[in-house]
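Colleague: I'm new to reading structures, and I'd like to learn how to go through one piece by piece. Could you walk me through this one?

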Number of protein chains: 2
Amino acid sequence: MKELNPLLHSQLRLAVISILMNVEEADFVYLKEKTESTAGNLSVQLDKLSGAGYISVTKGFVGKKTRTVCQITELGRQAFEEYVETLKEYLGM
Amino acid sequence: MKELNPLLHSQLRLAVISILMNVEEADFVYLKEKTESTAGNLSVQLDKLSGAGYISVTKGFVGKKTRTVCQITELGRQAFEEYVETLKEYLGM
DNA sequence: ATAAAGCGGTTTATTTTATAAACCAAATTT
DNA sequence: AAATTTGGTTTATAAAATAAACCGCTTTAT
């Protein structure tokens, strides 16, 4: 049995990646609302994903307010696809 | 986004349940080999699954040796099916 | 017959991970 | 200008996974 990439096998990180797979980009506030996570938790998990090179995180401004935008990277996309394949074995699909 | 049943969202426990879904029953030694887990870890995770009523664990003998046999319960089967459905949402299937 | 090693586990301790709580700077509202 | 809100980060705590140590029984070798 292959191992399930532990970086993706986490509810919140999987939710984030899953969202980012279906959208060009998403900002911190959107991700927080969509995943119903706390800011702190989200911040930590985004760091991990970005540390692994699975997402890019860009801080910018909208008017005077900061805006943190996330995008999935090619590496992240690949990791996700592989995770799904592995998972299918577990689920018998 | 629905939450992924945390009892099933664990590599080892998911592997165990996944095996038990496809087999009438499986004993400790078989599960250990198949999942490549340590005995300690497996023991703990089987306890959790059995504590939740997802599997039944029966201790018996084969000759003089003890044998611990596991089977998935109806509750476990249901939980697994639901977990898979929820996961599909995350994976976009 | 007895010590040593192996089998099938369980219990306990350690490490890792997830989560929440506290905090911070800048902007906005009152 | 004080208080509140926004958009986060950092740090502390709780929970989970994992490994290490252990235990009773059996088998093997001496």
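Colleague: Let me start with a small thing. In the hairpin of strand 2 of chain A and strand 3 of chain A, which residue takes a positive phi?

Modeller: Before we dig in, keep in mind that this is a predicted model. The residue you want is Gly63(A), with a positive phi near 65 degrees, and the hairpin has 2 residues between its strands. Chain B has a hairpin of its own, made by strand 2 and strand 3 of chain B with 2 residues between them. In that turn Gly63(B) has a positive phi of about 65 degrees.

Colleague: Okay, and how do I read the sheet that the hairpin belongs to? In what order do the strands of chain A come?

Modeller: The general idea is that strands of a sheet pair through backbone hydrogen bonds, either parallel or antiparallel. In chain A, 3 strands make an open sheet in the order 1-3-2, and the pairing is antiparallel. Strand 1 (26-27) and strand 2 (55-62) of chain A sit at the edges with a single partner strand each, so one side of each has no neighbour in the sheet.

Colleague: How many bridges hold strand 2 of chain A and strand 3 of chain A together?

Modeller: Those two pair in the antiparallel sense over 8 bridges. You can trace some of the partners yourself: Lys59(A) stands opposite Thr68(A), and Val57(A) has Cys70(A) as its bridge partner. On the other side, strand 1 of chain A and strand 3 of chain A are paired over 2 bridges, where Asp27(A) stands opposite Val69(A).

Colleague: And which helix packs on that sheet in chain A?

Modeller: That's helix 1 of chain A, which touches strand 1, strand 2 and strand 3 of chain A. Its direction makes about 85 degrees with that of strand 3 of chain A.

Colleague: Let me try the other chain, then. What is the strand order in the sheet of chain B, and which strands are at the edges?

Modeller: Chain B has an open sheet of 3 strands in the order 1-3-2, paired antiparallel. Strand 1 (26-27) and strand 2 (55-62) of chain B are the edge strands, and each pairs on one side only. Strand 2 of chain B is joined to strand 3 of chain B by 8 bridges, with Phe61(B) and Thr66(B) as one of the partner pairs. Between strand 1 and strand 3 of chain B there are 2 bridges, and Asp27(B) is found opposite Val69(B). Helix 1 (residues 11-21) of chain B lies across strand 1, strand 2 and strand 3 of chain B, at about 85 degrees to strand 3.

Colleague: Now for the two chains together. What rotation superposes chain B on chain A?

Modeller: A rotation of 180 degrees does it, with 0.0 Å of shift along its axis and an RMSD of 0.1 Å. The two copies are therefore related as by a two-fold rotation axis. In chain B, the residue closest to that axis is His9(B), at 3.9 Å (C-alpha). The same surface serves both copies, as 94% of the contact residues of chain B recur in chain A.

Colleague: How do I read the contact itself? How many residues does each chain put in?

Modeller: People often express the size of an interface as the accessible area lost when the parts come together. Here we can simply count residues: 17 come from chain B and 16 from chain A. On the side of chain B, helix 1, helix 2 and helix 4 (74-91) give two or more residues each. Helix 1 of chain B gives the most, with 5 residues. Sorted by class, that side has 8 nonpolar, 6 polar and 3 charged residues.

Colleague: Last topic, the DNA. Which residues come nearest to DNA strand C?

Modeller: There are 23 residues around DNA strand C, and Ser10(A), Gly40(A), Phe28(B), Gly40(B) and Thr68(B) come nearest. By class they divide into 7 nonpolar, 10 polar and 6 charged.

Colleague: And what about DNA strand D? Which residues are nearest there?

Modeller: Of the 21 residues around DNA strand D, the nearest are Gly40(A), Ser43(A), Thr68(A), Ser10(B) and Gly40(B). That surface has 7 nonpolar, 10 polar and 4 charged residues.

How values were computed
Residues are numbered from 1 along each chain as its sequence is written. Chains are lettered from A and ligands numbered from 1 in the order in which they are written. This is a predicted model: local features need pLDDT of at least 70, side-chain atom pairs count only at pLDDT 80 or more; totals for chains, interfaces and linings use all residues. A residue is near a molecule or strand if its C-beta atom, placed from the backbone, lies within 6 Å of it. Ala, Val, Leu, Ile, Met, Phe, Trp, Tyr, Cys and Pro count as nonpolar, Asp, Glu, Lys and Arg as charged, and the others, Gly among them, as polar. Two strands pair if DSSP finds at least two bridges between them. Helices (H or I, at least four residues) and strands (E, at least two) are DSSP runs, numbered from the N terminus. Two residues are in contact if their C-beta atoms, placed from the backbone, lie within 7 Å. Axes are lines fitted to C-alpha atoms, for helices over the stretch in contact, and angles run from 0 to 180 degrees between N-to-C directions. Copies are superposed by least squares on the C-alpha atoms of residues with pLDDT of at least 70 in both.
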